[in-house]
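Me: I should like to discuss the terms used for the structure below. Please set each one against its definition.

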Amino acid sequence: MAEENDQSLSSVEKKVFDALEKVIDPELGIDLVNLGLIYKVEVDDNGECTVTMTLTTMGCPLTDVLNDAITKAVDSVEGVEKCNINLVWEPAWDVSRMSRFAKIALGIHM
């Protein structure tokens, strides 16, 4: 699961998670945080933010669209000077990473 509830997050990192909740996957209509695609957010002392994330599939045709939306959202956060996206495939994404909200919205009953 994403670390948005981790007590060790700085206030800037929490604001980045809030901003990322406004980035909607165009195909699914749910934000990337609730979909469980954002694995980690780190902001260093220089304001450089690294968003570690994955996609639902390796061949996702929306990679560039999502990267642009993520960068725009992260750059809008006060205290962030630069956004880096670290796209990973391990651990692999599956529906268990989705929030209860996302599962209900998509009609997934587990």
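Reply: In this predicted model, Met53 stands opposite Leu87 in S3. Thr50 likewise has a residue opposite it in S3, namely Asn84.

Me: What makes S2 and S3 a pair, and in which sense do they pair?

Reply: Pairing requires at least two bridges between two strands. S2 and S3 have 6 bridges, in the parallel sense. The criterion is therefore met, since at least two bridges are required.

Me: How do you know that S1 and S2 pair, and in which sense?

Reply: S1 and S2 are joined by 5 bridges in the antiparallel sense, and at least two are needed. In one of these pairings, Lys40 has Thr52 in S2 as its bridge partner. The two strands form a hairpin with 4 residues between them, and Gly47 in the turn has a positive phi of about 85°.

Me: Why is the pairing of the sheet called mixed, and what is the strand order?

Reply: The open sheet has 3 strands in the order S1-S2-S3. S1 and S2 pair in the antiparallel sense, whereas S2 and S3 pair in the parallel sense; the pairing is accordingly described as mixed. S1 and strand S3 (82–87) stand at the edges, each with a single partner strand, so one side of each has no neighbour in the sheet. From one strand to the next, the twist averages 15°.

Me: Which handedness does the crossover from S2 to S3 have, and through which helix does the chain pass?

Reply: The chain passes from S2 through H2 to S3, and this β-α-β crossover is right-handed. The term applies because, with the strands pointing away from the viewer, the path from the first strand over the helix to the second runs clockwise. H2 lies across S2 and S3 and runs at about 140° to S3.

Me: Why are the buried residues of H1 said to lie on the same side?

Reply: The buried residues of helix H1 (residues 11–20) are Val12, Glu13, Val16, Phe17, Ala19 and Leu20. They cover an arc of only 160° around the axis, which puts them on the same side of H1. Their cover includes strand S1 (38–43), strand S2 (48–53) and helix H2 (63–75).

Me: Which residues of the largest nonpolar core touch the most other members?

Reply: Of its 33 residues, these are Val16, Leu20, Ile38, Val41, Cys49, Val51 and Val74. H1, S1, S2 and H2 each give two or more residues to this core, and the largest share, 5 residues, comes from H1. Leaving aside neighbours within four places in sequence, Val74 is in contact with Val16, Leu20, Cys49, Val51, Val80 and Cys83.

How values were computed:
Residues are numbered from 1 along each chain as its sequence is written. This is a predicted model: local features need pLDDT of at least 70, side-chain atom pairs count only at pLDDT 80 or more; totals for chains, interfaces and linings use all residues. Side-chain values use heavy atoms; hydrogens and water are left out. Buried means under 20% relative accessible area, exposed over 50%, partly exposed in between (1.4 Å probe, protein chains only). The arc is that of the directions from the helix axis to the C-beta atoms. Contact means heavy atoms within 4.5 Å. A nonpolar core is a set of buried Ala, Val, Leu, Ile, Met, Phe, Trp, Tyr and Cys residues joined through side-chain atoms within 4.5 Å. Axes are lines fitted to C-alpha atoms, for helices over the stretch in contact, and angles run from 0 to 180 degrees between N-to-C directions.
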